[in-house]
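Colleague: I should be grateful for a close look at a single part of this model. Please explain the terms along the way, as a first-year student will read the answer.

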Amino acid sequence: MDNFLLFLLAVTLAGAVIFGVVYGKDPTRIFGGFMLDCTIGAALCTLLGALSTARHLSLFFGILLIVLLVLFVGLALGGIWLVIAYLLFNAVQVFKHERHTLQNMLSLLLGVGLLAQMVVVFVSAKLLESLVFVVLFGVLWITEAWLAVTAVSFLTSSLLCRLDRPRLHTDYIIVLGSGLIRGGEVSPLLAGRIEAAIRFYRRAAAKGLHPKLVLSGRQGADETRPEGEAMREYALAHGVAAGDALAETQSKNTLENFRFSKAVMDADAAGQNYTCGFATSDYHVLRACRLARQAGLTKAKGLGARTARYYVTNATIREYIAVMLSSKRVNITVLGFLTGGYCLLLAFLSFFEQIAA
C-alpha cells in the first residue's frame with residue numbers, strides 16, 4: 001500500500017507540474033483544465049488511500065467509502081435522467097424569457113437528443129446483438145465520453161479564466177458589445193457588462209488610479225446608432241468621466257472588438273506602453289481571452305458580468321461548441337484515434353471468436 005500511495009503522490013505532483021507549465025504558457029487551453037481535473041482526482045485518491053491506512057480512521061474511511069459508492073451507483077443509474085430533466089426544464093425557462101432562435105434552443109436540443117438516445121437503447125436492446133449496431137453504439141458512446149471529458153475540462157478552464165481578473169493598475173478595460181434593443185437601447189445583458197467595467201473603474205479610482213473604458217461595438221442593421229456610442233452614453237450616465245470613456249464603433253464581432261479597440265488604445269496611449277483587460281458576460285470570458293490573444297492582446301484578462309441563471313446553461317453550451325469548433329482538427333484527430341482503436345479491437349475479437357468456433 002505504501003508503494004501505491006507513493007505512486008499516487010508522484011502522479012499528483014507530476015499532474016500539478018504539467019498543469020503549471022500548460023497554464024503558465026497559455027491559461028486559455030482546455031488541456032490545462034483537463035490536467036487540473038486529473039491532478040485534483042489523483043490528490044483525492046491519494047487522500048483516500050492515506051485515510052485507509054490510518055487505523056484510528058478506519059471506521060470513518062469505511063463510512064466514507066460506502067457513501068461514495070452509493071453516490072457513484074446512484075449517478076450511474078439515474079444521473080443521465082437528472083441531466084435530461086434539467087436540460088428540458090432549462091429549455092422551458094429560456095423559451096419564457098428569450099427569442100425562439102436556434103442559439104437559444106441548445107439546451108432543448110441536447111436534452112431531446114439524450115432522451116431519444118436513452119429510449120433507443122432501452123427499446124432496441126436486441127440490436128446490440130448485431131455487430132453493426134455494436135460498432136455504431138460504441139462509436140457514439142466513445143464520442144459522448146470524449147465530449148463529456150472535454151466539457152468538464154472546458155468548465156474548469158472557464159472558471160480559472162474568470163478567477164484571473166485584471167489588476168487595478170490596468171490602464172484600459174474593453175467592454176465587449178452584445179447588441180442594442182429597440183433600435184438603440186442598452187440591453188440588460190450589455191448593461192451588466194458595462195456595469196462590471198464601471199465597478200472596476202470605481203475601485204481603481206478609490207486607489208487613485210484612472211483606467212479608461214473602451215466601449216466597443218458598431219451600428220447593426222436594425223440599430224439607430226453605433227453600439228459603442230450607446231454604451232459610452234450609459235457609462236457617462238453612471239459616473240464615468242467623459243475623458244475616461246472611449247467609443248469604438250467599427251467592430252461587428254468579438255475578435256474585431258479587440259482588434260479595433262487595440263487601435264483606439266494605441267492612438268490614445270500615443271506610443272506609451274499600456275495594459276488592458278476586458279469586460280464581458282461571465283460565460284464568455286474564456287473564449288474572449290482566446291480571441292484577445294489572437295488580436296495581439298496576449299495578457300488581457302477578463303471581468304465576468306453575472307448572467308441570468310436561466311440563461312447560463314444555454315450560453316455555456318454555445319461557448320463550449322464554439323471553443324470545440326475552434327480546435328476541430330485536434331478533436332477530430334483524437335476521436336478518430338479512439339474510435340479507430342475501438343473498431344480494431346472489435347475486429348480482433350471477432351476474428352479470434354471465429355477461429356475458436
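Modeller: The answer below follows one helix and its two packing partners. This is a predicted model, in which local features need pLDDT of at least 70 and side-chain atom pairs count only at pLDDT 80 or more, while totals for chains, interfaces and linings use all residues. Residues are numbered from 1 along each chain as its sequence is written, and side-chain values use heavy atoms, leaving out hydrogens and water.

The part in question is helix α5, residues 131–163; helices are DSSP runs (H or I, at least four residues) numbered from the N terminus. Two packed helices are described by the angle between their axes and the distance between the axes. Axes are lines fitted to C-alpha atoms, for helices over the stretch in contact, and angles run from 0 to 180 degrees between N-to-C directions.

The axis of α5 comes within 7 Å of that of helix α2 (residues 30–53), and the two cross at roughly 100°. The pair is therefore roughly perpendicular, a term for angles of 65 to 115 degrees. In α2, the residues that meet α5 include I30, F34 and L36; contact means heavy atoms within 4.5 Å. Their partners in α5 include V149, V152 and L160. By class, this contact has seven nonpolar, six polar and one charged residues. Ala, Val, Leu, Ile, Met, Phe, Trp, Tyr, Cys and Pro count as nonpolar, Asp, Glu, Lys and Arg as charged, and the others, Gly among them, as polar.

Helix α10 (residues 309–326) also packs with α5, at an angle of about 105° and with the axes 11 Å apart. These helices are therefore roughly perpendicular to each other as well. Among the α5 residues in this contact are W146, L147 and A151, and they face a group in α10 that includes Y320, V323 and M324. The contact of α5 with α10 has eight nonpolar, two polar and one charged residues.

Definitions and conventions:
Angles under 35 degrees count as roughly parallel, over 145 as roughly antiparallel, 65 to 115 as roughly perpendicular and the rest as oblique.
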